[in-house]
Amino acid sequence: MKILYAGTPSVAVPPLVHLAEQPDVEIVAVLTRTDAPVGRKKVLTPSPVADEARRRGIPLLHANRVDPELTERIRGLGADAAAVVAYGALVPQPALDAVPHGWINLHFSLLPQWRGAAPVQRALMAGDTVVGASTFLLEAGLDTGPVLGTMTDEVRPDDTAGSVLERLSRTAAPLLADSLRAVVDGSARPAPQQGDVTLAPKLTADDGRVRWSDPAVAVVHRVRGATPEPGAWTELDARRFKLDRVAARPDVRELAPGECVLRGDAVLVGTGSYAVQLSTVQPAGKKTMDAAAWARGRRTEEKVVFG
């Protein structure tokens, strides 16, 4: 079975590795986005998928959009099917038709829930307790194609979007391989998506901003969904103050929204309901540190209030 693999970020690496290690799979090429600027110095850096493909000696195609020229190159690869995991660009109909058995997308949600670029992040922000992954036949629409297979996973108490994506990228990799086999050998039974549609657009920096007037549960969900990207944050002294994991503290109810106090080793912040407890923080211009250490080292007698 000859496969074209399309993917870009680190979450797309475990499915690539799993496919590459299957004895019945030959990955004829990997399609990924072009090198992107990373860090403060904006150093052009290959995608994680590109790095893995190079390590395995798999030919690379770099493109941020699938144009007619790339479509012809894809047609000439001789792939039976294409696998897609977070490639980062829409595939137009001519390119979909360029591969005999189509493009099979691994999406990290239970479709039609959370169609879009940030399914896990949006699911956690909404407070979902069950997440999952779906494979489906790619169409020109946004995650609208018929479903081939699904798997579910429970959200764990310490999960963030990063940990859920890392776990799903590993556990759903066999689902992608099995779906490819079924499509190519003709045994697949694609089923139209059923149920209410929810959308998961890409998160912006503002999505990571904590609204302290929200209930504590909503604050916890926002921080979980925004970690590690785009990152959860608030304002202190008119500068951005980054937050990591937070925990609900229903036993503390007297703090005003945004009011921050140190009690023993616990850094507590008021919300629209009860308090939350901070774990690690990153003040502007400094490294990530333990929240209690930050609170003890703050040299001011003024009350701390996050904005």
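**Close-up 1. The hairpin of β10 and β11, with Asp237 at the turn.** In this predicted model, two residues sit between strands β10 and β11, and one thing to look for is Asp237, which takes a positive phi near 55°. The strands themselves, β10 (residues 232-236) and β11 (residues 239-243), run antiparallel and are joined by five bridges. Leu236 has its bridge partner in β11, namely Arg239.

**Close-up 2. β11 next to β16.** Follow β11 away from the hairpin view and you'll find that β11 also pairs with β16 (residues 280-282), again antiparallel, through two bridges. Want a residue pair to zoom in on? Pick Lys242, which stands opposite Gln282 in β16.

**Close-up 3. An open sheet of five strands.** Reading across, the order goes β12-β15-β14-β13-β18, and the pairing is antiparallel. Which strands are the edge strands? They are β12 (246-249) and β18 (304-305), each pairing on one side only. Helix α8 (residues 216-226) packs on this sheet, where α8 touches β12 and β15 (275-278). The direction of α8 makes about 170° with that of β12.

**Close-up 4. The β18 edge, where β13 and β18 meet.** Here β13 (residues 259-263) and β18 pair in the antiparallel sense, with two bridges between them. Cys260 is a handy residue to centre on: its bridge partner in β18 is Val304. As a reminder of what to display, strands of a sheet pair through backbone hydrogen bonds, either parallel or antiparallel.

Key: Residues are numbered from 1 along each chain as its sequence is written. This is a predicted model: local features need pLDDT of at least 70, side-chain atom pairs count only at pLDDT 80 or more; totals for chains, interfaces and linings use all residues. Side-chain values use heavy atoms; hydrogens and water are left out. Two strands pair if DSSP finds at least two bridges between them. Helices (H or I, at least four residues) and strands (E, at least two) are DSSP runs, numbered from the N terminus. Contact means heavy atoms within 4.5 Å. Axes are lines fitted to C-alpha atoms, for helices over the stretch in contact, and angles run from 0 to 180 degrees between N-to-C directions.
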